[in-house]
Every structure is written in C-alpha cells, then in structure tokens.
Amino acid sequence: MSEQQRLRIAIQKSGRLSKDSQLMFKNCGMKVNLREQRLIAHCENMPIDILRVRDDDIPGLIMDGVVDVGIVGENVLEEETLLRQSQQENTEFKMLTRLDFGGCRLSLAVPEDFEFKGPRSLANLRIATTYPGLLKRYMDTQGIDYTNIMLTGSVEVAPRAGLADAICDLVSTGATLEANGLKEVEVIYRSKATLIQSSNPLSASNQALLDKLLLRIQGIIQAKESKYIMLHAPKAKLEEVIELMPGSERPTLLPLAGRDDLVAVHMVSTENLFWETMEALKALGASSILVMPIEKMME
Ligand code: ATP
Ligand code: MG
C-alpha cells in the first residue's frame with residue numbers, strides 16, 4: 001500500500017501527552033514500533049502511519065489537511081483556532097471524542113504576596129503566557145486592559161525575573177506554581193486531550209478503519225470508567241439489593257450450588273461502587289461483594 005493511502009495520525013513526539021497516546025493505540029490493538037527516533041512510525045498490523053511532532057503543530061496539520069487524525073490538548077487546539085480566526089485562516093476540523101487523559105487548567109497566577117481581589121487587580125499589569133489568544137478572550141470578556149508578554153517556555157519564572165507581574169499558565173497539581181512562589185487565583189480554561197479529524201474526506205477504507213478505531217477508543221474509555229460487580233444476595237432482599245447497585249443495566253442472576261436462599265448477582269456498572277454502598281449492601285445480607293476493573297468493552 002502506498003504511503004498516501006495509509007491513515008495518518010499525528011501525536012506529540014515527547015511530552016505530557018505522548019505516553020498516554022501511545023498506550024491508547026496499543027490498547028486499540030495497534031502494533032507500532034516507536035523506539036526509533038523517527039518522525040514517522042509505521043503501524044505493523046494496520047495501514048496507519050503515526051507522525052510524531054510537537055503538540056503545537058498538530059491543530060494546524062489537521063486544519064490544513066496534512067494529516068487525517070490527531071491527538072492534542074484542547075488548550076492548544078483552541079489557541080490555534082483563535083490565532084487562525086484572527087488571521088482569517090481555515091479553522092475547520094471534526095471533533096471525534098474527548099479523551100480521558102491530559103487534564104489540566106489554564107490559570108492566572110500571581111506572586112504569593114500579591115493582593116488579588118479579582119481579575120480587575122490585574123488591570124494594566126504585564127501578564128506572561130504561552131496562550132495569548134485564550135488570555136485575551138478571557139480578559140476581553142472581563143473588560144480589563146493588560147500587557148501581554150509572550151513566552152513559549154519558563155512562564156512560571158517570569159515574575160521572579162521581573163519580566164511580568166502575573167502569569168497565565170497550565171496547571172495540574174499546582175506544585176510548579178508553589179515552587180516558584182506563585183498562587184493560582186483564577187481558572188480561565190479547563191482542558192483535556194482530544195481526538196480530532198481533518199475535515200477533508202477520507203477514502204472509504206480509511207474512514208472504515210477510523211470508525212473501527214474510534215469504537216475501540218470509546219470502548220477503552222468506557223471500560224476504564226466501569227466496574228464489574230459480583231455479589232451473593234438473599235433472594236428475599238433481591239429487589240432492594242438491585243436498587244442499591246449503581247448504573248442502569250439490569251443484573252444477571254445465577255443460582256448458587258446448595259443455597260436456595262441466595263443468588264449470585266453480576267452486573268456491569270458505569271460507576272464505581274463506593275464503600276458506603278457496599279456497607280449498605282452488606283447490611284441487607286449481601287456477601288462476597290467483589291468490584292473488578294474491566295479492560296475492554298463493546299456494546
Ligand atoms: P512540545 O515540545 O510538544 O511543544 P510542550 O512542552 O508544549 O511540548 P507539554 O508540557 O508536554 O507540551 O504539554 C502538552 C499538553 O499536555 C499541554 O498542552 C496540555 O494540554 C497537557 N497538560 C496536562 N497537564 C499539564 C501540565 N501540568 N502542564 C502543562 N501541560 C499539561
Ligand atoms: Mg508545545
């Protein structure tokens with residue numbers, strides 16, 4: 001098969017989204033040799049090429065139709081969209097699914113001793129960021145003027161270095177801010193990794209392949225969020241037991257050898273079973289309660 005006919009998927013080469021993206025494809029059954037330090041990795045068992053690039057390049061590659069599918073943080077996607085809109089460039093893409101990794105927030109942060117009384121405290125100050133579009137949109141909605149200081153890295157050291165009065169940066173735990181004597185004062189955007197597709201039509205075979213992958217990806221996400229629950233319940237209390245079990249599915253009931261008074265209840269739950277619910281089930285006479293992870297799911 002020629003290079004052009006293979007489905008092209010762009011992922012971050014090295015960074016916070018790389019490992020999870022690779023693991024997701026592995027769990028989808030794709031065999032990819034990523035050990036080599038090459039831009040393009042070929043999938044061995046499906047007609048797919050993986051392009052490994054900087055995350056900032058992924059939205060543009062998708063919007064320009066250079067690659068078919070990409071995994072990128074919504075923050076980077078939204079920033080690129082705002083930039084392209086301001087330059088009257090094409091911003092089209094299809095959102096396939098939000099993924100369950102890469103969670104972070106874009107926040108305003110100020111030095112610990114800064115007296116912050118709301119975004120207005122930042123009026124006419126210098127704010128350093130890698131996301132000028134998202135910051136501007138937020139400050140515009142608040143009607144606040146400020147000076148943008150564009151930095152592509154080390155944003156968190158800008159106040160200490162005297163380059164800015166505040167920053168607007170990505171946060172997940174807050175440890176980096178704390179280590180730099182900063183405090184988070186306002187969340188302006190919440191982000192997760194997302195799977196996007198170019199709006200250029202795919203060949204029928206590539207579209208079928210992508211549809212299959214998407215179902216597998218959704219199956220993996222759903223499986224991670226679900227649990228398989230098993231327990232033994234007294235027949236007399238069955239309806240009450242079922243009522244307590246989370247999730248919408250009706251359970252499977254199985255007889256227990258030598259016990260006419262008990263029945264085994266099995267069910268897939270879309271939620272976790274909390275200790276409180278387990279205790280309530282036990283109080284109803286349920287026993288041998290097991291909550292197990294599910295690896296894959298297909299409905
Ligand atoms: P590249 O070299 O590919 O440009 P980068 O340094 O811009 O990498 P990373 O720091 O690897 O990017 O972050 C990639 C994405 O991971 C972010 O755009 C964001 O969507 C997500 N992310 C999740 N948690 C965090 C975090 N704590 N800090 C920064 N990004 C995070
Ligand atoms: Mg980047």
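These exercises cover ligand 1 and the domains around it in a predicted model.

Residues are numbered from 1 along each chain as written, and chains are lettered from A and ligands numbered from 1 in written order. Local features need pLDDT of at least 70, side-chain atom pairs count only at pLDDT 80 or more, totals for chains, interfaces and linings use all residues, and side-chain values use heavy atoms, without hydrogens and water.

**Exercise 1.** Find which residues come nearest to ligand 1.

Solution.
- Start with the shell: 16 residues surround ligand 1, each with a heavy atom within 4 Å of it.
- R16, R54, D56, N75 and S172 come nearest.
- Sort the shell by type: 5 residues are nonpolar, 7 polar and 4 charged. Here Asp, Glu, Lys and Arg count as charged, and Gly is among the polar ones.

**Exercise 2.** List polar side-chain contacts of ligand 1 (N or O pairs within 3.5 Å).

Solution.
- Take the oxygen atoms of ligand 1. One is 2.8 Å from a side-chain N or O atom of Q12. For R54, a polar side-chain atom lies 2.8 Å from a ligand oxygen.
- Take nitrogen next. The side chain of S172 puts an N or O atom 2.6 Å from a nitrogen of ligand 1.

**Exercise 3.** Explain why ligand 1 lies between two domains.

Solution.
- Read the bounds, from an automatic or database assignment: domain 1 (3-100 + 193-223), domain 2 (104-191) and domain 3 (226-293).
- Domain 1 and domain 2 both give residues to the shell, so ligand 1 lies between them.
- Their C-alpha centres are 30 Å apart.

How values were computed
A polar contact is a pair of N or O atoms within 3.5 Å; within protein, one must be able to donate a hydrogen and the other to accept it, and residues adjacent in sequence count only if both atoms are side-chain atoms.
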